[in-house]
Amino acid sequence: MKKSFGFLIAAASLVLASYNANAQAATADIPADMNALMSKYTCIACHRPNQRLVGPAYVDVAKKNYSDEEIVNLIYNPVPSHWPGYPPMAPMKQVPKEDALKLASWINSLDGGAKKTSTKKTTTTKTTKSTKKA
Ligand code: HEC
């Protein structure tokens with residue numbers, strides 16, 4: 001636990017140092033309460049709403065149409081294969097579920113205004129192949 005937290009701090013400060021120049025402008029579109037959570041749990045070091053940093057922009061995460069719960073799970077157990085070309089994100093198990101959910105629903109709210117009506121496509125057209133053996 002301690003070890004991985006140390007790693008996160010190291011990674012976070014490294015990233016913060018290199019992105020400090022444009023950090024201020026880029027955080028302008030983060031609401032104050034989310035900014036507080038992002039800073040507290042170091043998400044801010046790697047994520048921005050509209051900009052790729054170390055991790056994907058949250059608008060791009062929103063496009064994946066995860067449920068809030070799914071995002072919470074991904075914060076605790078990232079699946080790096082979802083984001084080819086990015087380094088793997090470390091599991092952030094220190095984030096309390098309540099705060100993880102707040103972040104998740106905010107991330108989902110960033111879906112570029114192109115809100116899809118919540119009717120999830122249920123195109124389960126089963127192609128029942130009749131591969132009967134003679
Ligand atoms: C040290 C950098 C770093 C930190 C800190 C970090 N992330 Fe990430 N995050 C990444 C990277 C890189 C990816 C893409 C690769 C991956 O998913 O493993 C990612 C992916 C994600 C995804 C997409 C998951 C998916 O599978 O589509 C979400 C959501 C996310 N991060 C949220 C958060 C939240 C919330 C925090 C703070 C609690 C956080 N991240 C902290 C680097 C980071």
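## Around the ligand

Let's start with the ligand: 30 residues surround it, counting a residue as near if its C-beta atom, placed from the backbone, lies within 6 Å. The closest are Cys-43, Cys-46, Gly-55, His-82 and Met-89. This is a predicted model, where local features need pLDDT of at least 70 and side-chain atom pairs count only at pLDDT 80 or more, while totals for chains, interfaces and linings use all residues. Numbering starts from 1 along each chain as its sequence is written.

The shell around the ligand splits into 25 nonpolar, four polar and one charged residue. Nonpolar here covers Ala, Val, Leu, Ile, Met, Phe, Trp, Tyr, Cys and Pro; Asp, Glu, Lys and Arg are charged, and the others, Gly among them, are polar. At least two shell residues come from each of α1 (2-26), α4 (68-76) and α5 (97-109).

## Helices and core

The protein chain has five helices and zero strands, taken as DSSP runs (H or I, at least four residues, for helices; E, at least two, for strands) and numbered from the N terminus.

The largest nonpolar core has 20 residues. Such a core is a set of buried Ala, Val, Leu, Ile, Met, Phe, Trp, Tyr and Cys residues joined through C-beta atoms within 7 Å, with buried meaning 20 or more other C-beta atoms within 10 Å of a residue's own. Ile-71, Ile-75, Ala-100, Leu-103, Ala-104 and Ile-107 touch the most other members. The biggest share of this core, five residues, is from α5.

## How far to trust it

Mean pLDDT (the predictor's confidence in each residue, from 0 to 100) is 81 for the protein chain, with 63% of residues at 70 or more. Over residues 115-124, pLDDT is below 50. Where pLDDT is low, don't read the predicted coordinates in detail.

Conventions:
Two residues are in contact if their C-beta atoms, placed from the backbone, lie within 7 Å. A residue is buried if 20 or more other C-beta atoms lie within 10 Å of its own, exposed if 12 or fewer, and partly exposed in between; C-beta atoms are placed from the backbone.
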